[in-house]
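Q: I have a model open and want to go through some contacts and charges. Can you take my questions as they come?

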Amino acid sequence: ALERHRLSSMTDEEKKLYNLTSWIEDTIVNADKLIAVSNSTSRELIKAFGKKISKKIEVIPNGVDLNLFNEGNTTDKKVLSVGRFSKEKGIELLPGIIDKVLSTVKESEFRVIAKETQLSSLKFVQDSFKDLERKYEGRFKWISYPLSPLEIALYYKQSSIYVQPSFYETFGLCILEGMASGNAVVATNVGGIPEVVGKAGILVEPNVEDISSGIIKLLKSNGLRERYKKKSLDRAKLFDWSIIVKRTFELYREVIRRKIEISAQKR
């Protein structure tokens, strides 16, 4: 991600580090190659650094370990969202989404995995989560502590719908992990997310109403959830880490070969 494009969705605390992160980003013009995780990110790089950098960019998406993230066998109406406490991730939207979904579909459950934050400007979201746990006891759970990949994979497997309410996203790795686990996806139509989801999920605008409506639509139709589940599993195979790592390795080999050629010419 480019911090300069996250600026509008940063908290006041995060903005204090902007000058440092922006300086670090400026050093990428010296790279031999740049890996962009999506075409959207590639366009952001060109916009930020000019067309001269376009020849350096290779678009290679993130990958998913299909041995770890794979199909669960749940048919329960469980919704999951995974992310950090950041405005760009749409964390502020979740309390409203959770309340609307759980109050509309009585047999549904909702889980949020988000490590507790120290950002004072987002403390109100944590308070809202605690209120929701009391209001929907047993149906809503906020997992506020760090989890291992194995533990997170289990939560994906136990869910049938994955939700990503982001305002800014260069790729959306958690979405891909959810898809690989057989979740029907509701995600926002921003950044690189459409390139990950394709037609295998429901893409909506980043607001409480549209995201909630997408989730409720899936919860009310077992057939629709099943169709999107199959699409998710099929699409996730395109991002198998064994495929992505080969493409990355070949790019490194290309750079090394070029370096050797240049060094030989100088001699």
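A: Yes. Keep in mind that this is a predicted model. We can begin with L66, leaving aside neighbours within four places in sequence: L66 is in contact with A180, A236, K237 and D240.

Q: Where is L66 found?

A: L66 is in the loop between β2 (57–59) and β3 (78–82).

Q: What does L66 count as at 25% relative accessibility?

A: Partly exposed, because 25% falls between the 20% limit for buried and the 50% limit for exposed.

Q: And how far apart are the C-alpha atoms of L66 and W241?

A: They are separated by 7.5 Å, while the two residues are 175 residues apart along the chain.

Q: Next, E177. Which helix is that in?

A: E177 belongs to helix α8, which covers residues 173–180.

Q: How far away is the nearest side chain of opposite charge?

A: That side chain is K89, 10 Å away from E177. E177 is buried and has no salt bridge. The cut-off for a salt bridge is 4 Å between the side-chain nitrogen and the carboxyl oxygen, so a partner at 10 Å does not qualify.

Q: Which side chain does E177 have a polar contact with?

A: The side chain of Y156, at 2.9 Å. Y156 is also one of the residues E177 touches, along with V64 and F69, if residues up to four places away in sequence are not counted.

Q: Switching to salt bridges. How many are there in the count?

A: The count comes to 15 salt bridges. One of them pairs K77 with E107, with N to O at 2.8 Å.

Q: Where do K77 and E107 sit?

A: K77 is in the loop between β2 and β3, and E107 is in the loop between α5 and β4 (109–113). The pair links distant parts of the chain, 30 residues apart.

Q: Is K77 buried or exposed?

A: K77 is buried, because its relative accessible area is 19% and the limit is under 20%.

Q: What about K100, which residue does it form a salt bridge with?

A: With E209, where the closest N and O atoms are 3.9 Å apart. K100 lies in helix α5 and E209 in helix α10, so the salt bridge ties together parts that are 109 residues apart in sequence. Both ends count as partly exposed: K100 has a relative accessible area of 31%, and E209 is at 43% relative accessibility.

Q: At what angle do α5 and α10 pack?

A: Helix α5 (residues 94–104) and helix α10 (residues 208–219) pack at about 35°, and their axes are 9 Å apart. The crossing is right-handed. On the α5 side the contact is made by G96, I97, K100, V101 and T104. The α10 side contributes V208, E209, I211, S212, I215, I216 and L219.

Q: One more salt bridge: how far apart are the closest N and O atoms of R253 and E250?

A: They are 3.5 Å apart. Both residues lie in helix α12 (residues 241–266), three residues apart, which is about one turn of the helix. R253 is partly exposed with a relative accessible area of 40%, and E250 counts as partly exposed at 39% relative accessibility.

Q: Which residues do salt bridges that share partners join into one network?

A: K33, E58 and E254 are joined that way.

Definitions and conventions. Residues are numbered from 1 along each chain as its sequence is written. This is a predicted model: local features need pLDDT of at least 70, side-chain atom pairs count only at pLDDT 80 or more; totals for chains, interfaces and linings use all residues. Side-chain values use heavy atoms; hydrogens and water are left out. Helices (H or I, at least four residues) and strands (E, at least two) are DSSP runs, numbered from the N terminus. Buried means under 20% relative accessible area, exposed over 50%, partly exposed in between (1.4 Å probe, protein chains only). Lys and Arg count as positive and Asp and Glu as negative; His and the chain ends are not counted. A polar contact is a pair of N or O atoms within 3.5 Å; within protein, one must be able to donate a hydrogen and the other to accept it, and residues adjacent in sequence count only if both atoms are side-chain atoms. Contact means heavy atoms within 4.5 Å. Axes are lines fitted to C-alpha atoms, for helices over the stretch in contact, and angles run from 0 to 180 degrees between N-to-C directions. A crossing is left-handed if the near helix is turned anticlockwise from the far one by less than a right angle, and right-handed if clockwise.
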